[in-house]
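Visitor: I should like to go through this model with you, one feature at a time. Please give the reasoning before each result.

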Amino acid sequence: MTTHKRIRKFNTRDTYPGAGMDNDLCQAVRAGNLVFLRGQVGSDFDGNVVGGADPAAQTEQAMRNVKQLLEEAGSRLEEICKITVYITDRAYRGPVYQVLGKWLAGVYPASTGLIVDGLARPEWLVEIDVTAVIAE
């Protein structure tokens with residue numbers, strides 16, 4: 001019996017067709033009162049990129065995903081403890097963090113921001129990694 005609940009399981013062969021990958025993953029893991037999310041990007045759960053080349057719109061979609069996954073795990077945005085934000089261009093910092101500020105107003109999570117050369121798919125401009133708790 002596992003002590004972890006795996007939420008929205010998937011395999012990379014479906015997510016990245018033709019890439020020769022075969023990894024069993026999930027969007028979220030609930031372990032006790034902790035929730036770990038897979039990095040969320042500007043795609044919906046069907047794999048459709050939302051927002052095109054607009055980093056703010058992609059961040060909105062990523063945060064919609066974060067909210068939904070936390071709720072499915074029994075948590076909520078207010079319980080986020082740590083976020084790590086990856087952006088592919090320093091110029092995206094302003095638009096991305098304006099959106100994050102709206103979603104996380106009053107939450108005060110620990111936060112790390114990184115500028116990276118690229119993400120798993122070239123159309124993704126931002127990725128948000130979240131760890132949260134489930135309120136007692």
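The exchange below takes up the sheet, the backbone, the salt bridges, the pocket and two long-range distances.

Visitor: In what order do the strands of the open sheet lie?
Guide: This is a predicted model, and the sheet in question is an open one of 6 strands. Its pairing is mixed. The strand order is 1-2-3-6-4-5.

Visitor: Which strands form the edges of that sheet?
Guide: An edge strand here pairs on one side only. Neighbouring strands of the sheet are turned against each other by 15° on average, direction ignored. The edge strands are strand 1 and strand 5.

Visitor: Over how many bridges do strand 1 and strand 2 pair?
Guide: Strand 2 covers residues 24-31, and the sense of its pairing with strand 1 is antiparallel. Within strand 2, Asp24 is the bridge partner of Asn11. The number of bridges over which strand 1 and strand 2 pair is 7.

Visitor: What is the phi of Arg8, and where does this residue lie?
Guide: Most residues other than glycine have a negative phi. Arg8 is not a glycine, yet its phi is positive. The residue belongs to strand 1, residues 4-11, and is partly exposed because its relative accessibility is 34%. The phi of Arg8 is about 60°.

Visitor: Is Tyr108, which also has a positive phi, buried or exposed?
Guide: Tyr108 has a phi near 60°. The residue is placed in the loop between helix 3 (93-103) and strand 5 (110-115). Its relative accessible area is 74%, and a value over 50% is the criterion for the class. Tyr108 is therefore exposed.

Visitor: How many salt bridges does a search of the whole structure find?
Guide: Side chains of opposite charge can pair when their charged atoms come close. One such pair is Lys102 and Glu60. The search of the whole structure finds 7.

Visitor: How far apart are the closest N and O atoms of Lys102 and Glu60?
Guide: This pair links distant parts of the chain, Lys102 being in helix 3 and Glu60 in helix 2 (residues 55-73), 42 residues apart. Lys102 counts as exposed because its relative accessibility is 52%, whereas Glu60, at 17%, counts as buried. The closest N and O atoms are separated by 2.5 Å.

Visitor: What separation along helix 2 do Glu71 and Lys67 have?
Guide: The side chains of Glu71 and Lys67 meet in a salt bridge, at 2.6 Å from N to O. Glu71 is partly exposed at 44% relative accessibility, and Lys67 is partly exposed at 33%. Because the two residues are 4 apart in helix 2, their separation is about one helical turn.

Visitor: Which residues are linked with Arg76 in a network of salt bridges?
Guide: One salt bridge joins Arg76 to Glu79, with closest N and O atoms 3.3 Å apart. Arg76 is partly exposed, with a relative accessible area of 42%, whereas Glu79 counts as buried at 16%. The residues linked with Arg76 in the network are Glu78 and Glu79.

Visitor: How much space lies in the largest pocket, and which residues lie nearest its centre?
Guide: Rolling a probe the size of a water molecule over the atoms shows where empty space is left. The largest pocket holds about 300 Å³ of space. Its lining comprises 17 residues, and those nearest the centre are Gln27, Arg38, Asp44, Phe45 and Gly47.

Visitor: Which classes of residue make up the lining of the largest pocket?
Guide: Strand 1 and helix 1 (12-15) are the elements that give two or more residues to the lining of the largest pocket. By class, the lining has 4 nonpolar, 7 polar and 6 charged residues.

Visitor: What distance separates the C-alpha atoms of Pro95 and Lys5?
Guide: Pro95 is placed in helix 3 and is partly exposed, with a relative accessible area of 29%. Along the chain, Pro95 and Lys5 are 90 residues apart. The distance between their C-alpha atoms is 34 Å.

Visitor: What distance separates the C-alpha atoms of Ala135 and Leu34?
Guide: Ala135 is found in the segment after strand 6 (126-133), and its relative accessible area of 46% makes it partly exposed. Along the chain, Ala135 and Leu34 are 101 residues apart. Their C-alpha atoms are separated by 9.4 Å.

Conventions:
Residues numbered from 1 in each chain as written. Predicted model: local features only at pLDDT ≥ 70, side-chain atom pairs only at ≥ 80, totals over all residues. Heavy atoms only, no water. Buried < 20%, exposed > 50% of the residue type's maximum accessible area, 1.4 Å probe, protein only. 1 Å grid on protein atoms, 1.4 Å probe; cavity = no way out; pocket = protein on both sides within 12 Å on 5 of 7 lines; lining within 4 Å. Points joined across faces, edges and corners; volume = space filled by probe spheres on them. Nonpolar A, V, L, I, M, F, W, Y, C, P; charged D, E, K, R; others polar. Salt bridge = Lys/Arg side-chain N within 4 Å of Asp/Glu carboxyl O. Pairing = 2+ DSSP bridges. Axes fitted to C-alpha atoms, helices over the stretch in contact; angles between N-to-C directions.
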